[in-house]
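Reader: I'm new to this structure and would love a close look at one part of it. Could you walk me through a group of aromatic rings and what surrounds it?

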Amino acid sequence: QYDPSSLFARAPGRRAPVDEVDGSGAPLTLPWQPVSLGGPAAASRDVRWSAGAPGPAIASRKALGVVAGHGLHCDLRSTPWLLSELHPDVPSAVFGSRGGGVVDDGLHSSPARWMETAMGEDAAASRDAESRLGGEDPLADALSDRLGFQAQGGDFANVASSAGFDAAIAVGESMSTAAALWGALEQAERDLGLLPMAPSASGQNTESPKPRIKGLVLTLVPSMGSEREEYWNEMMRVLRATYGSVDNATTSLSKDCSIGYGCIPFAKFVAAKHSNLPTPTRLARIAQAGIPAVVFGNHADEPAHPVENGRVVAQALGATFHEASTHEEALAKWPGVIADFVNGIARDEGIVLAPGASDSTTGATGEIVAGVVAPRDWLRATRQLCSGDPTTTPELVDECESYRSGESAVPPGVEAAVEAREASLGKDKYAATTPFYRRTGLDVSDCVTSGVVTRSEVSDLTSGSPDQWAATSEAIEDVERVVDLQAERTW
């Protein structure tokens with residue numbers, strides 16, 4: 001049976017530079033990989049397709065391509081299934097989010113280099129205040145401004161540029177759906193004269209040379225507006241009551257994990273939770289600027305991705321809304337709808353996609369030189385990743401099974417210091433205060449819900465009595481040895 005996590009295991013590393021640098025002045029980059037190299041139909045008008053021996057040469061630029069992001073606890077391997085039915089002449093790529101990896105590798109970039117210069121920036125000048133939720137905290141603001149939703153809005157164009165696309169259709173999932181909306185909104189507001197054109201190197205206001213967004217495919221719209229702000233404010237109260245500040249919490253906690261999904265740096269978790277989506281009123285400007293969209297929701301992904309939010313966004317964009325009840329239904333229906341949407345935009349751009357084209361073209365030595373880079377069944381198999389299936393994250397199953405009695409105790413006084421009302425969404429609101437979370441990045445109730453441990457094995461969920469807390473002293477000592485406190489952190 002094919003393992004979808006190995007999709008890009010043998011692919012050469014690819015990095016897309018963004019318009020930002022680290023503390024040394026070196027360019028910051030994002031990992032990306034092609035899903036399809038495209039074919040002659042999508043070649044840029046400025047490039048002629050060469051059919052010289054021993055095989056067709058890929059045009060250095062393509063008139064139109066598809067660029068897909070991923071969800072918060074996921075990586076670039078989790079979204080190729082959305083692109084699995086695209087015409088082989090349409091080039092496509094997936095990319096990893098900024099600061100979304102616990103380590104820097106071919107699939108992830110860690111937060112450290114991204115944050116080296118962030119604390120010295122004027123947050124209000126660098127990002128739209130609407131993209132950042134209330135409960136101001138200097139580090140949380142800086143994390144949102146460098147790693148949050150709006151910060152990622154331009155990354156679709158950055159990756160499209162590296163992939164050689166003149167224009168792009170942005171495909172989002174959850175976090176990257178929010179990012180795609182911010183990227184399209186900035187383009188729309190410039191087109192409508194509501195924002196100045198991006199300055200050129202000479203300082204003159206000119207049209208940005210970055211690839212333009214020609215369409216939006218938006219899946220799993222996350223929580224938004226007052227609902228999201230309520231969750232953030234509650235999270236702030238818990239972190240301040242436990243650690244004193246978000247800064248202290250980010251220093252003390254290394255990662256946030258979700259079984260069946262994956263792990264991200266705690267700094268990235270804060271950045272995403274402190275970010276918001278544009279209001280429906282502003283989203284309507286995307287439609288006014290002529291950017292078409294299609295929106296998808298899945299009841300199986302609630303409550304973190306309310307289907308009703310998808311309807312609200314679709315209505316604001318004047319877009320068609322498609323909903324599914326299960327992951328299997330989404331896999332069966334969404335890729336075909338996405339392919340039809342992309343084909344329609346290609347026609348509008350004067351691109352003729354011939355029926356019956358071969359999925360892939362190989363060169364003289366057997367390498368793929370055009371079309372999709374892997375069998376379509378392999379692309380479809382990536383639906384298994386980042387969908388809550390515990391078997392896809394065996395290392396987190398092991399962490400859940402390592403739970404020891406007392407590790408889910410809440411520090412005494414924390415519950416009393418936080419307003420006693422339930423969180424409106426997401427994990428148990430005290431999870432980040434427990435020894436188990438400090439050691440593993442997991443909410444123990446996530447382990448229970450996933451069936452890895454039983455509730456009877458976790459009789460102390462969110463119990464914060466002094467006696468219970470004292471019983472965890474041995475576990476806390478282990479945590480202090482395991483957790484990286486980032487004593488040498490420079491940001």
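Author: Happily; here is a tour of one aromatic cluster, followed by the sheet that one of its members belongs to. Please keep in mind that this is a predicted model.

Let's set the scene. The protein has 18 helices and 12 strands, and buried residues make up 55% of its 491 residues. Among the contacts with a separation of 6 or more, 77% are between residues 24 or more positions apart.

Now to the rings. Ring pairs are counted when their centres lie within 6.5 Å, and by this rule there are seven aromatic pairs. One of them joins Trp81 and Trp334: the ring centres are 6.1 Å apart and the planes meet at 20°, so this pair is stacked; planes under 30 degrees apart count that way. Trp81 lies in the loop between strand 3 (65–68) and strand 4 (92–95), while Trp334 is part of helix 11 (residues 327–348), so the pair ties together parts that are 253 residues apart in sequence. Are these two tryptophans buried or exposed? Trp81 has 1% relative accessibility and counts as buried. Trp334 is buried as well, with a relative accessible area of 3%.

Trp334 has another aromatic partner, Phe296. Here the centres are 5.0 Å apart and the planes are at 45°, which makes the pair tilted. Phe296 sits in strand 9 (residues 293–298) and Trp334 in helix 11, so this pair links distant parts of the chain, 38 residues apart. Phe296 is buried, just as Trp334 is. Put together, Trp81, Phe296 and Trp334 form one aromatic cluster.

From Phe296 we can step out along its strand. Strand 9 is one of eight strands in an open sheet, whose order is 1-2-4-3-5-6-9-10 and whose pairing is mixed. At the edges stand strand 1 (15–21) and strand 10 (320–324); each has a single partner strand, so one side of each is left without a neighbour in the sheet. From one strand to the next, the twist averages 25°. Strands 3 and 4, which flank the loop holding Trp81, also appear in that strand order.

How are strand 9 and strand 10 joined? The two run parallel and are connected by five bridges. In one of these strand-to-strand links, Val294 has Thr320 of strand 10 as its bridge partner.

One last stop involves a ring and a charge: the charged end of Arg14 sits over the ring of Trp32, 5.8 Å from the ring centre.

How values were computed. Residues are numbered from 1 along each chain as its sequence is written. This is a predicted model: local features need pLDDT of at least 70, side-chain atom pairs count only at pLDDT 80 or more; totals for chains, interfaces and linings use all residues. Side-chain values use heavy atoms; hydrogens and water are left out. Rings of Phe, Tyr and Trp (its six-membered ring) pair if their centres lie within 6.5 Å; planes under 30 degrees apart count as stacked, over 60 as edge-to-face and the rest as tilted. Helices (H or I, at least four residues) and strands (E, at least two) are DSSP runs, numbered from the N terminus. Buried means under 20% relative accessible area, exposed over 50%, partly exposed in between (1.4 Å probe, protein chains only). A charge sits over a ring if NZ of Lys or CZ of Arg is within 6 Å of the ring centre and within 35 degrees of the ring normal. Contact means heavy atoms within 4.5 Å. Two strands pair if DSSP finds at least two bridges between them. Axes are lines fitted to C-alpha atoms, for helices over the stretch in contact, and angles run from 0 to 180 degrees between N-to-C directions.
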